[in-house]
Amino acid sequence: MCSRLNAASRCWGNDVRLEESVEIRAARDVIWEVLADAERHPMFMAGLTRWDVQNGPEMRCGTRINMRMKVGSAQVGSLIEVTEFEPSADLAWNSVTGIDQRGRWRLREVGPDRTKVTLRLAYQAPGGLIGWVVDQIGARDVRRNLRRSVESLKDQVEAGVGRAPAPRAG
Amino acid sequence: MARDEALPELLDDRDPDYIRDTLPAAWLLATLWHRAEIRGLENIPESGPVLLVGNHSGGNTAPDTFAFALAFASYFGVERRFHQLAHKLVMASPGIGAFLKKHGTIEASHENAETALNAGAAVLVYPGGDWDVHRPSWQSGRVDFARRTGFLKLAIRTGVPIVPVVSIGGQETLFVLTRGEALSKALGLHRFRLKVLPVSLVIPWGVTVGDFIPRLPFPAKLTTQVLPPIDLKEKFGDDPDLDEAYDYVTGTMQTTLDVLASERRFPVLG
């Protein structure tokens, strides 16, 4: 049997894992068209304060993005790198610097022109027990942002935004 | 950023891993206790040396400095070299000095600031120093650098842009009744670069003379606005008039501080 101290250590050693899903009335490739364009993400990702694509705009394995999200008094986030790019199926990333995080967009067909879209994010603040406390407090904001993001993606795709090219800066 | 020259010894103590591990504690303090808001970080150039010039508030605990340092490290990453200048008495304090050194704080002097800028760092200075940080709390909305122009000479000499950092709320984390400059002079403290000996109302001690003992800051809301960079040579020519440049920089900061002050509806609560 683990001691209480060990149990607590394990507890704050765990990362925060969040997942939000939505069903979109569109084919997978239509949704993928939006997700595969890095410059579109600020249009549906809620809470983003920074999204600098370093080698875009098309996503591919190795694309790096400096992203931040407002959580409490700080804009927290990481330099992330795309690690999986399976068209119309999976887009995953890992952090390179900043907050340790990994995330995934997952598209699965549930019927003709109907797709289940899942957004997963796992992250862990540094700093041991205090970092764990911060994770628990901040998770409320992050979860809300993820929920709004999938809902915003659904609204935009179903409104036909995915079929138009993204506006380019300049 | 790779550099050809070895890092000056002065800057050796900064420890990015240590900063990273202490960010959550700073986040808790800034978010829950001070409801801190840091706006305009995107105005800071993405890389290269920059002179961040702030108005100084909150006594020696300077909570808005911690909130800004948290925001800077979160936004740009702990990898970006960031140094803050502090009074030598603060740096000499047991425990506190070592803690601050790991965060990149160095003793305030023109030479040290120049060394850090030449190493490509972002450097945060408070030209008003102890005079500004211990201004009476009812002068919270006033930028007062006592016409010190060293920061301007530093920016001109090194050719780095000035980025103003304007904060409000720090002066409500304690209530400074008077700077006590006459008291400091009478006791001869000015010989130790201590021009003030503030009399303040603080938790839990009540009325204190000086700002040397630990205290609990009032949970005042902190708001900081970072302004766009000012290139003095571009604005005022190759040989800028210091009075003109001083009035421009402090005037710009005062205008912003007036706006921030107008947003506050209640003392401490913000």
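A residue is called buried here when its relative accessible area is under 20%, exposed when that area is over 50%, and partly exposed in between. The structure is a predicted model, and Gln156(A) gives a first use of these cut-offs: its relative accessibility is 18%, and therefore it counts as buried. Gln156(A) sits in helix 4 of chain A, which covers residues 128-158, and a polar atom of its side chain lies 2.6 Å from the backbone oxygen of Met43(A).

Chain A as a whole has four helices and seven strands, arranged along the sequence in the pattern α-β-α-α-β-β-β-β-β-β-α. Of its 170 residues, 46% count as buried.

Salt bridges can be followed through both chains, since a search of the whole structure finds 29 of them over all chains. In chain A, Arg120(A) pairs with Glu19(A), with the closest N and O atoms 3.0 Å apart; this pair links distant parts of the chain, as Arg120(A) belongs to strand 7 (residues 114-124) and Glu19(A) to strand 1 (residues 16-24), 101 residues apart. Both partners are partly exposed, Arg120(A) at 33% relative accessibility and Glu19(A) at 45%. Also in chain A, a network of salt bridges links Glu84(A), Asp90(A), Arg104(A), Arg106(A) and Arg108(A).

In chain B, Glu37(B) and Lys221(B) form a salt bridge whose closest N and O atoms are 3.0 Å apart. Because Glu37(B) lies in strand 1 (residues 37-39) and Lys221(B) in the loop between strand 9 (206-209) and strand 10 (223-226), the pair ties together parts of chain B that are 184 residues apart in sequence. Glu37(B) is partly exposed at 26%, whereas Lys221(B), at 17% relative accessibility, counts as buried. Asp130(B) and Arg148(B) meet in another salt bridge, at 3.9 Å from N to O, which joins helix 6 (residues 129-133) to the loop between helix 6 and helix 7 (150-158). Here Asp130(B) is buried, with a relative accessible area of 13%, and Arg148(B) is partly exposed, with 27%.

Chain B also holds a buried polar side chain in helix 2 (residues 63-76), where Ser74(B) is placed. Ser74(B) has 10% relative accessibility and so counts as buried, and a polar atom of its side chain lies 2.8 Å from the backbone oxygen of Leu70(B).

The surface carries patches of two kinds. Asp29(A), Glu33(A), Glu109(A) and Asp113(A) form a negative patch, in which Glu33(A), from helix 2 (residues 28-35) of chain A, is partly exposed at 42%. Leu29(B), Trp33(B) and Leu216(B) make a nonpolar patch of about 250 Å²; Trp33(B), in helix 1 (residues 16-33) of chain B, is partly exposed at 31% relative accessibility.

How values were computed: Residues are numbered from 1 along each chain as its sequence is written. Chains are lettered from A and ligands numbered from 1 in the order in which they are written. This is a predicted model: local features need pLDDT of at least 70, side-chain atom pairs count only at pLDDT 80 or more; totals for chains, interfaces and linings use all residues. Side-chain values use heavy atoms; hydrogens and water are left out. Patches are made of residues with over 30% relative accessible area and no salt bridge: like charges are joined within 9 Å, nonpolar side chains (Val, Leu, Ile, Met, Phe, Trp, Tyr) within 5 Å. Accessible areas come from the Shrake-Rupley method with a 1.4 Å probe; for residues, only the protein chains shown count as cover. A salt bridge is a side-chain nitrogen of Lys or Arg within 4 Å of a carboxyl oxygen of Asp or Glu. Lys and Arg count as positive and Asp and Glu as negative; His and the chain ends are not counted. The place of a charge is taken as NZ of Lys, CZ of Arg, CG of Asp or CD of Glu. Helices (H or I, at least four residues) and strands (E, at least two) are DSSP runs, numbered from the N terminus. Buried means under 20% relative accessible area, exposed over 50%, partly exposed in between (1.4 Å probe, protein chains only). A polar contact is a pair of N or O atoms within 3.5 Å; within protein, one must be able to donate a hydrogen and the other to accept it, and residues adjacent in sequence count only if both atoms are side-chain atoms.
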